[in-house]
Amino acid sequence: MSELEHLARQHLADWRTGWSMGSVGAIAEFHQDEGETAVIDDGFSFARATRRGGIRLDRKRIGSIIPVAYETLSPKRHRWSHAVAFCLPEQDARRDARSVLTEIGPDDNAIRGIDRTGILFDMGLSLPQCDFCIRTSEPKLLAVLRAGLGGSLFEPDNPVMGAILTSHPHRVALTNIGRVEVYQKIGGPDTGGVSPSGPHTHVLPKLLRGRRTHSANTPIPEGMMPLGAMHPGNPAIGPLGEDLPFDAGRHKAFQGLLASFGRPDIVEAKQRVLRGIQDGLAPRDFVMPGDRFARSAVRLALRQQARLAEEAGDAALARLVEAWRRQHDPDTRSDDEDDDAPGH
């Protein structure tokens, strides 16, 4: 078994790890609650599903995946997010990028057998690396969908999107490494305007217009395209975006992933900060890297050292780290910061 196969199986069995597939502006997420029963838990096929959603990685494609571990800054100075992007070379990642509503047919590869008679429709969002679909067997919705085939869901007065929002069909994000399925309601009028906790989807037309395959704050290598991501349990943020008491064990676990799958210069930038603090270097004498991702790594290292010092009750280290932060991680919002995503 490869290192990535072992990692995927380990995290599919860990309720604290979330998963996502999609693109900027359209994403499907799978999350679990502690103690939530899995209706499918098949390590052989790398699938896991609950009554609310599911994730499956294509076993034949795992060997082709390029994992990229990364961390991103939060607007809140005591927090950060992290993930492992699952990438393929662009030519292997691309799909049909349909721009109009298209009927695909029965979903023979649905994660749960009960869903394989449902009919898949590509929503036509023009995503390069993901077919963002809905799946339904409901006759009224099928009639509306078929009447709207070949059109854009965002055309004025198009009844299809309204029918989708009121019918709440399953959403299915299909990529060349697997799929995420969401069975819960769509966040909207029927949910008080918020997405339900656990598996959910977002379709945001304003972001879709940017036609970006990933956030500018994620260090995806040139020529690679992220198809999905694994979001291990965060040491500072809970599943609903709440602050958690710092978990040094989770932090250490992700630093291991970063060492194995992170961009080497970013890992080295963090190590330079730690060596500087250990050697008693004055913060003003530390030269910030020129690369924006490496600069973010410096700030991340300082945030993490502050939490570790607090956890250890080391007041002297905490004062030293705060002096470094005043110099290199000031309390101001920058373009390198991402909004925190629950469960990520």
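This report walks through the sheet, the nonpolar cores, the salt bridges and the cysteines of the structure above. Keep in mind that the model is predicted.

**The sheet and the helices across it**

Let's start with the strands. Six of them make up an open sheet, and going across it you meet β6, β7, β14, β1, β2 and β13 in that order, with antiparallel pairing. At the edges sit β6 (66-73) and β13 (200-203), each of which pairs on one side only. From one strand to the next, the twist averages 25 degrees. As a bit of background, strands of a sheet pair through backbone hydrogen bonds, either parallel or antiparallel.

Now zoom in on one pair. Strand β1 (residues 18-23) and strand β14 (residues 224-231) are joined in the antiparallel sense over four bridges. Which residue in β14 is the bridge partner of tryptophan 19? That is methionine 230.

Helices lie across this sheet too. Helix α6 (residues 248-261) lies across β6, β7 (80-89) and β14, and runs at about 130 degrees to β6. Helix α8 (residues 292-312) lies across β6 and β7, running at about 70 degrees to β6.

**The nonpolar cores**

In soluble globular proteins, nonpolar side chains tend to be buried together. Here, the largest nonpolar core has 50 residues. Trp19, Ile55, Leu57, Phe86, Phe132 and Leu145 have the most contacts inside that core. There is also a second, separate core of 14 residues, which includes Ile266, Ala294, Ala297 and Ala306.

Leucine 57 is a handy residue to click on. Leaving aside residues up to four places away in sequence, leucine 57 touches several others, among them Trp19, Met21, Phe46, Ile62, Phe86 and Ile177.

**The salt bridges**

How many salt bridges does a search of the whole structure find? The count is 26. Here are three of them, with their N to O distances:

| Basic residue | Acidic residue | N to O distance |
|---|---|---|
| arginine 48 | aspartate 41 | 2.8 Å |
| arginine 98 | aspartate 96 | 2.8 Å |
| arginine 135 | aspartate 107 | 2.8 Å |

The surroundings of these pairs are worth a look. Aspartate 41 is exposed, at 52% relative accessible area, whereas arginine 48 is buried, at 9%. Aspartate 96 is exposed, at 52%, while arginine 98 is partly exposed, at 22%.

What about arginine 135 and aspartate 107, which meet in a salt bridge? They link distant parts of the chain, 28 residues apart: arginine 135 is in strand β10 (residues 131-136), and aspartate 107 is in the loop between β8 (102-106) and β9 (119-122). Arginine 135 is buried, at 3% relative accessible area, and aspartate 107 is buried as well, at 2%. Both belong to a network of salt bridges that links Asp107, Arg112, Asp115, Arg135, Arg179 and Glu181.

**The cysteines**

Finally, a search of the whole structure finds zero disulfides. Take cysteine 87: the nearest cysteine sulfur, that of cysteine 130, is 14 Å away. Cysteine 87 is buried, with 0% relative accessibility.

Why is cysteine 130 not bonded to cysteine 133? The closest cysteine sulfur to that of cysteine 130 is in cysteine 133, but the distance is 7.4 Å, so they are too far apart for a bond. The cut-off for a disulfide is a pair of sulfur atoms within 2.5 Å. Cysteine 130 is also buried, with a relative accessible area of 2%.

Note on methods
Residues are numbered from 1 along each chain as its sequence is written. This is a predicted model: local features need pLDDT of at least 70, side-chain atom pairs count only at pLDDT 80 or more; totals for chains, interfaces and linings use all residues. Side-chain values use heavy atoms; hydrogens and water are left out. A salt bridge is a side-chain nitrogen of Lys or Arg within 4 Å of a carboxyl oxygen of Asp or Glu. Buried means under 20% relative accessible area, exposed over 50%, partly exposed in between (1.4 Å probe, protein chains only). Helices (H or I, at least four residues) and strands (E, at least two) are DSSP runs, numbered from the N terminus. Two strands pair if DSSP finds at least two bridges between them. Axes are lines fitted to C-alpha atoms, for helices over the stretch in contact, and angles run from 0 to 180 degrees between N-to-C directions. Contact means heavy atoms within 4.5 Å. A nonpolar core is a set of buried Ala, Val, Leu, Ile, Met, Phe, Trp, Tyr and Cys residues joined through side-chain atoms within 4.5 Å.
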